[in-house]
Amino acid sequence: MWRRGARQKPSASLRFDLLGPLEGRLLRMNAPLPADLPEAATAALLHVEGLGVAIARSDGEDVRPVDGVDFAIAAGETFALLGESGCGKSMTALALARLLPDGGRIAAGSVRLGGEDLLALPEAAMRRVRGGRIGMIFQEPSTSLNPVMSVGAQITEVLAAHGLRGEAARAEACRLLAAVGIPDPERRLQEFPFQFSGGMKQRVMIAIALAGRPRLLIADEPTTALDVTIQAQVLDLLAALQRREGMAMLLITHDLGVVARVAHRVGVMYAGQVVETGPRAAFFATPLHPYSRKLFAALPEAAKRGGALDAPVGSVPRPDRHFPGCRFAERCPAAFDRCDEEAPAWHAVGVQAVRCHLYEGVAVPRPLVATLAGAVDTVAARPAQSVLEVAELAVHFPVRKGFLRRTVGYVKAVDGVSLRLQPGRTLALVGESGCGKTTVGKALLRLIEPTAGRLWLDGERYDTLPVQALQPLRRAVQMVFQDPFASLDPRMRVGEIIEEGLVALGIGADHRARQARVAELLERVGLSAEMRWRYPHEFSGGQRQRIAVARALAVSPRVIVCDEPTSALDVSVQAQLLNLMRELQREEGLAYLFITHNLAVVEYLADEVAVMYLGRIVEEGPIERVLGVRAHPYTRALLAAVPRIEGVDGAVPDGGVSVGGSSRVEAAGGEVAGGEAADGGEVTGREVTGREVTGREVTGRAVVAAESPGADSTPPGTIMADLPSPLAPPAGCHFHPRCPHATDVCRIRYPEPADLGQGHRVRCHWPLTRH
């Protein structure tokens, strides 16, 4: 921790300059704003006042992760709670449902739902409230689903508690699975959680939460594990249910794009307190608190490629600390002496409210200015030699039925994938959940044995080596798994988890040297060295992911397979991790296979990108070509589904979708347009070769009017049809049932790869290109 010298309060003319400029973000919306806080509180379905949570420690002292939280949510309203991991967001949600961990208690405040004080109810009455009047979507589906019960049994269990049993309950469970985008729901009702991908497990959790038709839905990172297309579907589903049922929703998320799409009001939380609240449009136009502005500055995007992200220094202070002044003071670039000594009061600034001394006597904040481009790293030339290469990789899982468990088919999770990883470069593998991305990563490390294909490390084949001879591979190639809780041994301390790989591979002179390495790694990923003595369950989801990254870095690998490493991280910690990964790659020449559904991270970090669909690569090449040209309709659909925030000039980022407001969206680069416009009219365009893609000549652009949160609107190009089952993929091009440009040849023959130049390849009969 560092301490500043004596400073004076900035003059009024300089205060907002000291706050730091925002990264050119503005959200223009025509949605009706909710009422201000006093009126909203009067008509609130949920009213939280002075909520405080205390957790007893063994030394008799209390830890206060939530310390005086106030907010209200009206029926039909979505209140988004933002903040870093460890700020107390999830603990606030658990307190509302009285699901605190052992030793935890509600130390102060009141929670009223529909006028009834939930804190005064006996536990028997509270059990009827949970799952009925209050539904909850937890952050980590793997730890929330029962591993020994089928998915259907877990959904019907909730339905039975609310009076629906038998065949009617099974039919409703099937409908819920289909509603959250799980293909072949009849069959998957019989399967167990381990047979689902991370994103699909999250969809099952959403189905369970919605089964009781709650009046208040608490959604703790509900889209963290979802790819962009399913995320769009789930957000639309939640919005539709909210409108139909008049349901209030507390949305806890670190994704500002999701907040911009669905929230009515926003609250920013830091170190157990809410530090800023306001309507959605006002918050995105002018975030007030220095912490809020730092969250925006930490967002990755293509414009920041090659430079470091402006992440807040340090980490959230421990909840057992005493704060005489502002809790953000030690990390704030605009702090002065008063911030250390006096806790700030609430200040009203227009329709917003903020806890910050800088706004004392301020009615209207100074307009924001765009940040000047920072220093850009020199990008190394692409090396000729690959450190790791895979050719025609296939992983097929047998499907067995009957008493004798005979094989009746194969799930072709990976079906002929070829990739090359170069030292010092990042290859991003993107696609929907269930397309086989994680299976590729595990097969590269031979954690799953490939069905077919050839694997090389430094030019040496290792796919034919026995398991006993794979120790050099284990040191050279490491993996960061998608679910940090499932990949960390709950019986081991964090220091032991990180040190385990060093011991197994004989790295480090002695125990003291290994301990020093553990401390160094924890500090590098933004944690304290003293945390080595804790167990995984004592950390938030984002902190556990940082521990998993530290474990992968411990043995100094040359290749890291990153399976959704930032999915559980808030934007500031994500920025710290991305800066760390860039720094390590530059210093040590690491190669990354970055498996993700976060296309903003791909735009910022990746050098090459491969788009995967139903076990096959459908488009690949340099990042500028793939995301610029977007030759495959599936690539365009993925980009169209990403919720984005408008630029300050009102322009929509290239390939993106405006969130809110009226905007012009180019349907397909001006050449080919897919699907239909939002108002039901045709979106049109011409395929560059002169052939008519859909049997008609089409021209022009689509003008799409985005609507307010909760409106029946779908981003243009978003895929709404279900992902086909890999057990029985469609004939011909696998994407043709969901493609607006499909013709007869697409239904008959799988397309051969087409070379578009500059290393850009696509598998499509009618590739879309730009002039």
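1. How many bridges join β11 to β12, and do they run parallel or antiparallel? There are four bridges, and the two strands run antiparallel. Keep in mind while you look that this is a predicted model. β11 and β12 make a hairpin, with two residues between them. Gly350 sits in that turn and has a positive phi of about 65 degrees. To find the pairing on screen, start from His347, whose bridge partner in β12 is Val354.

2. Stay with β12 (residues 352-355) for a moment. Gln352 and Val354 point one way from this strand, while Ala353 and Arg355 point the other way. Every one of these four is buried. This fits a pattern worth learning: in a regular strand the side chains alternate between the two faces of the sheet. β12 also pairs with β10, in the antiparallel sense, over two bridges. Here Thr277 has Ala353 as its bridge partner in β12.

3. Now zoom out to the sheet. It is an open one of eight strands with mixed pairing, in the order β6-β7-β8-β3-β9-β10-β12-β11. The edges belong to β6 (134-137) and β11 (346-349); each has a single partner strand, so one side of each has no neighbour in the sheet. On average, neighbouring strands are turned by 20 degrees against each other, ignoring direction. Helix α13 (residues 290-297) packs on the sheet and touches β9 (265-270) and β10 (273-279). The direction of α13 makes about 100 degrees with that of β9.

4. For a parallel pair in this sheet, try β3 (residues 78-82) and β8 (residues 248-252), which pair over four bridges. Leu81 stands opposite Ile252 in β8. As background, strands of a sheet pair through backbone hydrogen bonds, either parallel or antiparallel.

5. Next, have a look at β15 (residues 426-430). How many of its five residues are buried? Five of the five are, so to speak, under cover. Thr426, Ala428 and Val430 point one way, and Leu427 and Leu429 the other. β15 runs parallel to β20 (residues 591-596), joined by five bridges, with Leu427 opposite Leu593. β15 also pairs in the parallel sense with β21 (residues 608-613), over four bridges. In that pairing, Val430 has Val611 as its bridge partner.

6. On to the aromatic rings. The structure holds 10 aromatic pairs. Take Tyr613 and Phe735: their ring centres are 5.2 Å apart and their planes stand at 85 degrees, so this is an edge-to-face pair. Tyr613 is in strand β21, and Phe735 is in the loop between β24 (702-705) and α25 (744-748), so the pair ties together parts that are 122 residues apart in sequence. Both partners are hidden: Tyr613 is buried at a relative accessible area of 1%, and Phe735 is buried at 3%. Elsewhere, ring pairs link Tyr270, Tyr291 and Phe328 into a cluster.

7. Rings can have charged company too. The charged end of Arg616 sits over the ring of Tyr750, 4.3 Å from its centre. Likewise, the charged end of Arg534 sits over the ring of Phe539, 5.7 Å from the centre.

8. Which residues touch the most other members of the largest nonpolar core? Ile498, Leu553, Ile560, Leu578, Met581, Tyr592 and Phe594 do, out of 43 residues in this core. Several elements supply at least two residues each, including α18 (494-504), α19 (511-524), β19 (559-563) and β20. The largest share, seven residues, comes from α21. Leaving aside its neighbours within four places in sequence, Ile560 is in contact with Gln478, Val480, Leu553, Leu590, Ala591, Tyr592 and Leu593. There is also a second, separate core of 38 residues, which includes Val158, Ala173, Val204 and Leu210. In general, nonpolar side chains tend to be buried together in soluble globular proteins.

9. One last residue to click on is Thr439, in helix α15 (residues 437-444). Is Thr439 buried or exposed? Thr439 is buried, with a relative accessible area of 14%. Not counting residues up to four places away in sequence, Thr439 touches Val395, Phe397, Ala413, Val414 and Ile448.

Note on methods:
Residues numbered from 1 in each chain as written. Predicted model: local features only at pLDDT ≥ 70, side-chain atom pairs only at ≥ 80, totals over all residues. Heavy atoms only, no water. Pairing = 2+ DSSP bridges. Axes fitted to C-alpha atoms, helices over the stretch in contact; angles between N-to-C directions. Contact = heavy atoms within 4.5 Å. Buried < 20%, exposed > 50% of the residue type's maximum accessible area, 1.4 Å probe, protein only. Phe/Tyr/Trp six-rings, centres within 6.5 Å; stacked < 30°, edge-to-face > 60°. Lys NZ or Arg CZ within 6 Å of the ring centre and 35° of its normal. Core = buried A, V, L, I, M, F, W, Y, C linked by side-chain atoms within 4.5 Å.
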